[in-house]
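Work through the exercises below with the sequence and the 3D view open. Try each task before reading its solution.

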Amino acid sequence: MSDLVLTDSSATVDGLYSAGLAAVVPGSPDGPAPARHRVITQNGLNLGKAGQGGGFGGSVVSADLDADGTADLITGAGRDTVFVVWGGRKGLAGGARLSGGAPLTGDFDGDGYADLVTAGQSPSTATLSYGPFSRAGVPAATVPLDLTPKDGGPEPDSAPEGYYTARLAAAGDVNGDGRDDLVVTWTHVYADEMPVPRATAVHHGTARDAGGVSAAYTRLKDARGRDIYGADTLTADVDKDGAADVIVGRSCEVIGDEQLADDGSRLTVVYGARAGGGRALKPTTIDDRTPGLPGAPVSTGCGFGSAATAGDVNGDGYADVAFTAAAKDGSAVALVLRGGGKGLTGTGAQHLAGLTGAPRLALLDTDGDGAAELAVSTMRGESPGTPEVRVLRGGPDGVTGTGSETGSGPGGWPRLIGPADLDLTGTTVGRFGFGFGR
């Protein structure tokens, strides 16, 4: 069963603004168990004092880096620091401090050990560190990665090579060869210095002596041959063919001012395929015209396809995808779409209505029954309200308790977790629950 990791990189800790924190809520046969929670901060690791704006918990992933059979917690802090908190049979204890940013994990050489990729300080560079790691944070080996895009922009008159910068986005075995592949987002930096996504590419995993991941890449396109890109990128096998699919949520863009993407906001799936495994499904675009979507979502405004996450909500072996969208009344709605042999569709979709703010989502199996729960960040009460995380149980019929429930029903579901449940009432947590570990 999985533990729920809630992050708030903006939290004030020990009087330091935005020092950040990560709260781990253990899973149990009854779901998340807040009574056994653990709050982790940089100062608690004895690996150097946190500074103001350190942003601990800004990006959290987990993997068994030291190959002891338990997952370790990996989080970024600042622009060039990664902390590893070691898991164990008795819980998290001890840690290591590494260089880099935007951590991602996967088995890129297929040797059965988890590897770690971290962004470099120079544009389009990264370091691939091979597992297993020692408890001092020393990997088995490292290799530098040059992910510089070799193509120009999508338009005929766009700038040549160098127009894009590659940023780490996700990892998954897109071609089913037993090695994870590295998914990167190509961004362009405009005058306001904000990186704006413009394309997505996949570098395939290789044997260690071949450099870790290939220098060549596959540039992902939708069914009309256009680049796909967005703020939320992840991988999951939604058609259960043994190859991970790349899922990209594209809401509004920020180029100086916020503006609607061409053809509205949307979610796009590009299906992976095993070599020799038959013809892959065509890329799928999900928007408010997709049949079967409940909750009256709209893609003509910003937000459709935001906060995308994947997990198997009904235990059928197909990955399902949850994301948020705006409803016609201006509120937010969370949608859960089912995976299947035809890919991601609106058939059997579920929704959670009446959400406020910009909710974030996570799908993970917290009770060990093989079906993922849906965790949703939202606000309780009237403005400004109290932040909380609502956890809806998964099962054979999908997520149960959809709608606008504010209290717990039979069996204690939905589970409601707020700052007081994690002993954070004395800590300033402006964005409690608006970050989840992966």
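**Exercise 1. Decide how well strand E16 is covered, and find its partner.**

Solution. This is a predicted model, so every value here is computed from predicted coordinates. Start with the strand itself. E16 runs over residues 232-236. Count the buried residues: 5 of its 5 residues are buried, so the strand is mostly covered, with buried meaning under 20% relative accessible area.

Next, split the strand into its two faces. Asp-232, Leu-234 and Ala-236 lie on one side. Thr-233 and Thr-235 lie on the other. Both sets are buried, and both faces of E16 are covered.

Now look for the partner. E16 pairs with E17 in the antiparallel sense, over 5 bridges. To place the register, take Ala-236: this residue stands opposite Asp-245 in E17.

**Exercise 2. Describe the largest cavity and say what lines it.**

Solution. First, count. The structure holds 1 cavity of 30 Å³ or more. Second, size: the volume of the largest cavity is about 60 Å³.

Third, list the wall. Asp-222, Arg-226, Asp-227, Ile-228 and Tyr-229 are among the lining residues. Val-248, Arg-250, Arg-266, Thr-268 and Thr-285 also line the cavity.

Fourth, sort by class. The lining has 5 charged, 3 nonpolar and 2 polar residues.

Fifth, ask which strands contribute. Strand E17 (245-250) supplies at least two residues of the lining, and strand E20 (266-270) does as well. E17 thus links back to Exercise 1, where E17 is the antiparallel partner of E16.

**Exercise 3. Trace the sheet that holds E1, E2 and E3.**

Solution. Write down the order: E1-E2-E3. The sheet is open, has 3 strands and pairs in the antiparallel sense. Then find the edges. Strand E1 (4-8) and strand E3 (38-40) each have a single partner strand, so one side of each is left without a neighbour in the sheet. Add the turn: neighbouring strands of this sheet are turned by 20° against each other on average, direction ignored.

Now zoom in on one pair. Strand E2 covers residues 21-25 and pairs with E3 over 3 bridges, antiparallel. Ala-23 stands opposite Val-39 in E3.

Finish in the loop between E1 and E2, where Ser-18 is found. Ser-18 has a positive phi of about 55°, although it is not a glycine. Most residues other than glycine have a negative phi. Is Ser-18 buried or exposed? Ser-18 is buried, because its relative accessible area is 12%, and the cut-off is under 20%.

**Exercise 4. Do the same for the sheet that holds E8 to E11.**

Solution. The order is E8-E9-E10-E11. This sheet is open, with 4 strands and antiparallel pairing. Strand E8 (101-106) and strand E11 (141-146) are the edge strands, and each pairs on one side only. On average, neighbouring strands of this sheet are turned by 20° against each other, direction ignored.

Take the inner pair next. Strand E9 (residues 115-119) and strand E10 (residues 125-130) pair in the antiparallel sense over 4 bridges. Thr-118 stands opposite Thr-127 in E10.

Check the backbone for exceptions. The peptide bond from Gly-131 to Pro-132 is cis, with omega near 5°. Most peptide bonds are trans. Pro-132 sits in the loop between E10 and E11.

A further backbone exception lies in strand E8: this is the place of Ala-102. Ala-102 has a positive phi of about 45° and is not a glycine. Its relative accessibility is 39%, so Ala-102 counts as partly exposed.

**Exercise 5. Place Leu-416, then step back to the whole chain.**

Solution. Leu-416 lies in strand E30 (residues 415-417). Leu-416 counts as buried because its relative accessibility is 18%. Leu-416 and Glu-388 are 28 residues apart along the chain, and their C-alpha atoms are separated by 6.7 Å.

Now the whole chain. The protein chain has 0 helices and 30 strands. Of its 438 residues, 54% count as buried. Last, the contacts: among those between residues at least 6 apart in sequence, 48% join residues at least 24 apart.

Conventions
Residues numbered from 1 in each chain as written. Predicted model: local features only at pLDDT ≥ 70, side-chain atom pairs only at ≥ 80, totals over all residues. Heavy atoms only, no water. 1 Å grid on protein atoms, 1.4 Å probe; cavity = no way out; pocket = protein on both sides within 12 Å on 5 of 7 lines; lining within 4 Å. Points joined across faces, edges and corners; volume = space filled by probe spheres on them. Nonpolar A, V, L, I, M, F, W, Y, C, P; charged D, E, K, R; others polar. Buried < 20%, exposed > 50% of the residue type's maximum accessible area, 1.4 Å probe, protein only. Pairing = 2+ DSSP bridges. Axes fitted to C-alpha atoms, helices over the stretch in contact; angles between N-to-C directions. Contact = heavy atoms within 4.5 Å.
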